[in-house]
Amino acid sequence: MLKIDKVQTRIGVLIVVISLISFVVSGAYDYSSMRSNMLDELNQKADGLVERLSESLITPLWNVDQAAINRILLSEMNDKRIKAILVTEDNGNNVFAGKIRNETWNIINFKNWPIGKFVKRKAEISIMNQPIGAVEIFLSPKFIDDELYQSLLNSLLRTMLLVILINLALFVTMRRILISPITKLSQTARQISLDKNYSSRVKIECKGEMKSLINNFNNMLQQIEE
C-alpha cells in the first residue's frame, strides 16, 4: 500500500513539475510578446497624442491663453500613462504651460523636467508655417510591467488550479482502478498466508489488465487447492 501511494505521489509530483515548466516557458514567451505589443501600442498612442496636441494648441498658444491650454492638457492627462505634457515657447527651452504627475501620480503644475525612462514625443506648433512653440509629451511604461505582472499572476493561479484538479482526478481514478484492487489482492494474499485457506478468492469488480491479474491470482489459488 505504501509503495502504491509512493507511485501515486510521484505521478502527482511529475504532473506538477511538468505543468510548472510549461508555465515558465510559455509565460516567458507570452511576457516578451505581450510587452512588445504593449510598447508598440504606447508608441502609437504617443504619436497620435502629440499630433493632436500640436493642432489643438495652435489657437490658445497664439492668443497666449494659458487657461485654455491648461484645460486641454488636463483633459489629455486623464490617461494615467501620461507622465507630463509641456508646452514650450518658440525657443523650445522656456516652458509656457505644463502639467506633470508627482511621486503619488497626482497631476500638478510643471516644476521640473521629468527624469526617468519614458516614451517621448515632441512636435512643433506652427501657424502659417511659422513656429510659435512646441509641445512635448512623456508617457510612462511602468503600467505595462504592472499589467504584465498581474496577467502572469492570474495565469499562474489558473495553472495551479488546473494542476490541483488534474491531481484530484488522478487520485480518484487511481484509487478506483488500481489501488483498491491491489489493496484487496494484497489483503487476501496476506490472509491466506496466515490461515492457509486456499479456498478464498479475491472478489472485486475491475477491468482490463487488473481484471486479468485478479483472475490469474484466483486461478492460482484454485490450482493450489486442487
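This report describes the fold, the surface and several individual residues of a predicted model.

## Overall fold

The chain has five helices and five strands. Read from the N terminus, the order of elements is α-α-α-β-β-β-β-β-α-α. The radius of gyration is 36 Å, while the globule rule gives 17 Å for 226 residues, so the chain is more spread out than a compact globule. The C-alpha trace spans about 115 × 30 × 20 Å along its principal axes.

Contacts add to this picture. Take the contacts between residues at least 6 apart in sequence: 59% of them join residues at least 24 apart.

## Burial, surface and charge

Of the 226 residues in the chain, 31% are buried. The accessible surface of the chain is about 14600 Å². Carbon and sulfur atoms account for 56% of that surface.

The chain carries 28 positive and 23 negative side chains. The centres of these two sets are 12 Å apart.

## Ser 54 in helix 1

Helix 1 covers residues 2-56, and Ser 54 is part of it. Ser 54 has a relative accessibility of 13%. The cut-off for buried is under 20%, so Ser 54 counts as buried.

What does Ser 54 touch, leaving out residues up to four places away in sequence? The partners are Ala 123, Glu 124, Ile 125 and Val 135. Strand 4 runs over 119-127 and strand 5 over 130-139. Ala 123, Glu 124 and Ile 125 therefore fall within strand 4, and Val 135 within strand 5. The side chain of Ser 54 also has a polar atom 2.7 Å from the backbone oxygen of Glu 51. That distance is within the 3.5 Å limit used for a polar contact.

## Two loop residues with positive phi

Val 64 is not a glycine, yet its phi is positive, at about 55°. Val 64 sits in the loop between helix 2 (58-62) and helix 3 (66-76). Its relative accessibility is 56%, so Val 64 counts as exposed.

Asn 129 is another residue other than glycine with a positive phi, here near 65°. The loop that holds Asn 129 joins strand 4 (119-127) and strand 5 (130-139). Is Asn 129 buried or exposed? Relative accessibility is 73% for Asn 129. The cut-off for exposed is over 50%, so Asn 129 counts as exposed.

## Ala 169 in helix 4

Helix 4 spans residues 142-195 and includes Ala 169. At 43% relative accessibility, this residue is partly exposed. Ala 169 and Asn 78 are 91 residues apart along the chain. Their C-alpha atoms are separated by 49 Å.

## Asn 197 after helix 4

Asn 197 lies in the loop between helix 4 and helix 5, the latter covering 208-225. Its relative accessibility is 31%, so Asn 197 counts as partly exposed.

How many residues separate Asn 197 and Lys 45 along the chain? The separation is 152 residues. In space, the C-alpha atoms of Asn 197 and Lys 45 are 84 Å apart. Lys 45 falls within the 2-56 range of helix 1.

Note on methods: Residues numbered from 1 in each chain as written. Predicted model: local features only at pLDDT ≥ 70, side-chain atom pairs only at ≥ 80, totals over all residues. Heavy atoms only, no water. Helix = DSSP H or I, 4+ residues; strand = E, 2+ residues; numbered from the N terminus. Buried < 20%, exposed > 50% of the residue type's maximum accessible area, 1.4 Å probe, protein only. Polar contact = N/O pair within 3.5 Å; in protein donor to acceptor, adjacent residues only side chain to side chain. Contact = heavy atoms within 4.5 Å. Rg over C-alpha atoms; globule rule 2.2 N^0.38 Å. Areas by Shrake-Rupley, 256 points an atom, 1.4 Å probe, with all protein chains shown as cover. Lys, Arg positive; Asp, Glu negative; His and termini not counted. Charge placed at Lys NZ, Arg CZ, Asp CG, Glu CD.
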